[in-house]
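This report describes selected helices and one loop residue of a protein chain. Please consult the sequence and the structure shown below while reading.

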Amino acid sequence: MAGKFKLITGMGLSDREKVCSLVNVWAGAKADIIDTSPFVMYDVQKMLLEKGFNLLDFDFCISVPISGDIHAKKAKISQDKCILCAKCKKECSENAIDPPHIKTNFCIGCARCKNVCPNNAILMYDNKNDGLKDFLDTKAKLDTLEIHISIDDIDLIKKEFKEKLFRIKDTDCKISVCLSRKFFSNRQVEKLLPELKNFCGGRNFLVQADGNSMNGGTDDYASTLETVAFGLFCKKLGYNVILSGGTNSYTAKLAHETGFKPSIAYGSYARKLVSGYNYENALKKAKEFVLKTKELIND
């Protein structure tokens with residue numbers, strides 16, 4: 001997996017038009033891995049075929065959460081408490097908010113809106129449907145199942161990890177586990193990852209090291225230091241690593257300077273980089289970024 005560029009459209013982002021538009025740009029820029037919500041992957045692959053892409057050129061990954069994982073959260077505004085100050089709207093990176101309403105299919109659960117609300121009018125709740133059954137019914141191409149496990153309950157992690165894993169009958173499907181640095185100490189990671197890998201039998205097992213979840217839009221070294229450090233730790237344990245969470249324009253350079261050549265997943269930063277541009281200009285920016293990234297992590 002070393003040296004791959006991964007696009008993350010966001011587990012919570014299930015608006016088909018927005019996701020397909022985003023994937024069209026980054027697929028044209030030669031992203032290697034396309035990671036979406038299970039709810040939209042069939043539509044993404046249909047769109048790519050219509051645009052003349054070869055599906056075999058991409059690794060398709062769907063992300064599903066363990067109950068309570070931060071990536072599966074959604075925001076809700078209490079209309080009784082909302083004072084229509086619009087601070088949440090200004091903070092939302094996905095344009096999901098028009099106070100006192102939130103477009104659920106745009107919300108990625110980052111909780112930035114909740115953090116700036118002056119009247120505690122915003123609540124975060126779990127999206128109970130992981131979308132896996134809906135996806136499997138479509139028979140769409142699946143190369144990697146990614147299970148997000150950023151919660152505190154280790155027993156629940158192992159229980160639900162096995163449940164989701166065993167729903168995938170194709171033994172050639174890779175299994176990726178995404179865990180956030182916020183929830184796990186080094187000692188916990190050393191103990192937990194071998195157990196999860198063992199559940200996978202002989203399947204290819206990947207670790208997506210999530211340093212600073214959903215903060216890649218803040219384009220500075222501070223936002224990406226944690227993910228590179230966490231990824232290096234997981235690499236030293238012997239795992240194939242994908243960096244995520246806080247990845248931005250500095251990530252590949254920092255990894256390169258440490259001699260680290262991981263795959264890198266871009267979510268918030270990738271969406272922000274092309275936001276507001278027409279297709280031609282968005283594609284140009286995306287191509288430049290993919291090329292620069294691959295040069296650094298494959299040198």
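The expected span of a helix is 1.5 Å times one less than its number of residues. In this predicted model, helix α6 covers residues 154-165, and its 12 residues should therefore span 16 Å; the end C-alpha atoms are indeed 16 Å apart, in agreement with that expectation. For α7, the distance from the first C-alpha to the last is close to the expected value. The table sets out both helices.

| Helix | Residues in helix | Expected span | End-to-end C-alpha distance |
|---|---|---|---|
| α6 | 12 residues | 16 Å | 16 Å |
| α7 | 14 residues | 20 Å | 21 Å |

At the start of α6, the backbone nitrogen of D155 lies within 3.2 Å of a side-chain oxygen of D153. The buried residues of this helix are I157, K158, E160, F161, K164 and L165. The elements that cover them include the strands β3, β8, β9 and β10 as well as the helices α5 and α7.

In α7, the buried residues are V189, L192, L193 and L196. These residues pack against α6, β9, β10 and α8. Just after α7, G201 adopts a positive phi of about 65°.

A further residue, D15, is located in the loop between β1 and α1. Which side chain of opposite charge is nearest to D15? It is K18, at 7.3 Å, and the buried D15 has no salt bridge. The side chain of D15 does, however, form a polar contact of 3.2 Å with that of N105. Beyond its neighbours within four places in sequence, D15 is in contact with V40, N105 and F106.

Notes:
Residues numbered from 1 in each chain as written. Predicted model: local features only at pLDDT ≥ 70, side-chain atom pairs only at ≥ 80, totals over all residues. Heavy atoms only, no water. Helix = DSSP H or I, 4+ residues; strand = E, 2+ residues; numbered from the N terminus. Buried < 20%, exposed > 50% of the residue type's maximum accessible area, 1.4 Å probe, protein only. Contact = heavy atoms within 4.5 Å. Polar contact = N/O pair within 3.5 Å; in protein donor to acceptor, adjacent residues only side chain to side chain. Lys, Arg positive; Asp, Glu negative; His and termini not counted. Salt bridge = Lys/Arg side-chain N within 4 Å of Asp/Glu carboxyl O.
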